[in-house]
Amino acid sequence: MRSAYDLELEDLSELLPEEPAYRARQVFDGLHGGLRRVDEMTEIPAALRGRLAEILPAGLTVVSERSADDGGTVKWALELDDGALIETVLMHYERRSTVCVSTQAGCAMACSFCATGQAGFTRHLTTGEIVEQVVIAARAAAPRRVSNIVFMGMGEPLANWKNLAPALHRLNGPLGLGARRLTVSTVGHVPGIRNLTAEPLAVNLAVSLHSADDRRRDALIPLNRTYPLGVLAEVLADYVETTHRRLSFEWALIDGVNDTDRDLDELAAYARPLAAHVNLIPLNPTPGYLVRGSTPRRVAEFAAGLAQRQVTATVRMTRGQEIDAACGQLAGRTKVELRTKEETDVGP
Ligand code: SF4
């Protein structure tokens, strides 16, 4: 147990054996429905609030908070109870507020374009640590309500299925977010996609594809060597057939790497049989990966080329670039590095 959000209602009841039966429910509802800290639950006697503060796990600590896009994007660095750092991002749009959640501290997938992958893997997050990120962002978003959750922060979510699955249920149940507002992202973790296909909660699936050619995808996403595109297509076809959910492909457009006409043909041929929707993302700059995003003109041409090939596509807005909160930029620097960066940022 690393977060108060790791405790189920029954766990809280066991922690409070001498209290009336309704007390555990009060605390559980205060944490989830009310998004409150224990010290804010004034309906609970002060002595019990004090005791709960001592016995409940400390959970996540905000190390830094930075905003961009005129406050429309907020990124937090959060410290886990063992000192590991993760990042969570809140993005406000006209009609929705989306939280981008981490599922691991670091990541073992080592994708070449991704700052998190370059930093290596520390550990899986617990269910409570995943849920608590949403609570922190939802408190900050008020009076706006968080409407969507994307599991696109640090880590490969489907590699942490054991803790992700209960987190999806907790967000859908006690936190009241519809399954269709939860999107799990993966670079193609085939066993995890099979788990998601068998999961009764019909959440959305987004696959970070980035290349539809095995040799070039191997170079971008090492997991492709274990689960190549043919194997991935089979489990995705099963996912679409079983769940009747729309599949989406994420494609970060990299100048001269995956934005050629050949890439267009390969992507269209891969996406069409799966009726997948493509999200085109102009690549964000990442230290250590010395390539450029495609030009705005090429991004528009690529989108038009997909339409001509009967594939639906959307060009995604890039948010939070100046605070390293955009796709592929969540790195979880050390605290020292974060502080140094913040001092640099606020300096003259
Ligand atoms: S892109 Fe995703 S899966 Fe790949 S290294 Fe980055 S966080 Fe991990």
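I took strands to be DSSP runs of at least two residues, numbered from the N terminus. On that basis I placed Gly-106 in strand E5, residues 104–106. The model I examined is a predicted one.

**Entry 1. Overall composition**

I first looked up the secondary structure and found 12 helices and 12 strands in the protein chain. The chain has 348 residues, and buried residues make up 42% of them. I then turned to the contacts with a separation of 6 or more and noted that 68% of these join residues 24 or more positions apart.

**Entry 2. Gly-106**

I returned to Gly-106 to ask whether this residue of E5 is buried or exposed. The count is 21 other C-beta atoms within 10 Å, and the threshold for burial is 20 or more, so Gly-106 is buried. I also looked up its distance to Arg-123, which lies 17 residues away along the chain; the two C-alpha atoms are separated by 7.1 Å.

**Entry 3. The ligand shell**

Which residues come nearest to the ligand? I listed 12 residues around it, of which Cys-107, Met-109, Cys-111, Cys-114 and Gly-117 come nearest. By class, I recorded seven nonpolar residues, four polar ones and one charged one in this shell.

**Entry 4. The largest nonpolar core**

I counted 89 residues in the largest nonpolar core. The members that touch the most other members are Val-99, Val-134, Ile-149, Leu-171, Trp-251, Leu-253 and Val-278. Helix H5 supplies the largest share of this core, namely six residues. Domain 1 (4–55) and domain 2 (61–346) each contribute at least three residues to the core.

I followed Val-278 further. Setting aside residues up to four places away in sequence, I found that Val-278 touches Phe-249, Trp-251, Leu-267, Ala-271, Leu-306, Val-311 and Ala-313.

**Entry 5. The end of H5 and the cis peptide**

I next inspected Ala-141, which is in helix H5. Ala-141 has 20 C-beta neighbours inside 10 Å and therefore counts as buried. Beyond the residues up to four places away in sequence, Ala-141 touches Leu-90, Ser-97 and Val-146. Ser-97 is 44 residues from Ala-141 in sequence, and their C-alpha atoms are 7.9 Å apart.

I then checked the peptide bond between Ala-142 and Pro-143 and found it to be cis, with omega about 10 degrees. Pro-143 belongs to the loop between helix H5 (127–141) and strand E7 (148–151).

**Entry 6. Two histidines with positive phi**

I noted that His-210, a residue other than glycine, has a positive phi near 65 degrees. I located His-210 in the loop between strand E9 (204–208) and helix H8 (214–220). His-210 counts as buried because 27 C-beta neighbours lie inside 10 Å.

His-244 likewise is not a glycine, and its phi is positive at about 60 degrees. This residue lies in the loop between helix H9 (229–243) and strand E10 (247–253). Is His-244 buried or exposed? With 8 C-beta neighbours inside 10 Å, I recorded His-244 as exposed.

**Entry 7. Helix H11**

I tested the length of helix H11, residues 296–308, against the expected rise of 1.5 Å a residue. Its 13 residues should span 18 Å, and the end C-alpha atoms are 19 Å apart, so the two values agree. Just after H11, I found a positive phi of about 60 degrees at Gln-310.

**Entry 8. Gly-59 and Glu-65**

I placed Gly-59 in the loop between helix H3 (46–55) and strand E1. Gly-59 counts as buried because it has 23 C-beta neighbours inside 10 Å. Leaving aside neighbours within four places in sequence, I found Gly-59 in contact with Arg-2, Ser-3, Ala-4, Gly-128 and Glu-132. The C-alpha atoms of Gly-59 and Leu-78 are separated by 9.7 Å, with their positions 19 residues apart along the chain.

Glu-65 lies within strand E1 itself, residues 61–68. I counted 15 other C-beta atoms within 10 Å of Glu-65, so this residue is partly exposed. Its contacts outside four places in sequence are Val-74 and Trp-76. From Glu-65 to Trp-76, I recorded 11 residues in sequence and 4.5 Å in space, C-alpha to C-alpha.

Definitions and conventions: Residues are numbered from 1 along each chain as its sequence is written. This is a predicted model: local features need pLDDT of at least 70, side-chain atom pairs count only at pLDDT 80 or more; totals for chains, interfaces and linings use all residues. A residue is near a molecule or strand if its C-beta atom, placed from the backbone, lies within 6 Å of it. Ala, Val, Leu, Ile, Met, Phe, Trp, Tyr, Cys and Pro count as nonpolar, Asp, Glu, Lys and Arg as charged, and the others, Gly among them, as polar. Helices (H or I, at least four residues) and strands (E, at least two) are DSSP runs, numbered from the N terminus. The expected span of a helix is 1.5 Å times one less than its number of residues. A residue is buried if 20 or more other C-beta atoms lie within 10 Å of its own, exposed if 12 or fewer, and partly exposed in between; C-beta atoms are placed from the backbone. A nonpolar core is a set of buried Ala, Val, Leu, Ile, Met, Phe, Trp, Tyr and Cys residues joined through C-beta atoms within 7 Å. Domain bounds come from an automatic or database domain assignment. Two residues are in contact if their C-beta atoms, placed from the backbone, lie within 7 Å.
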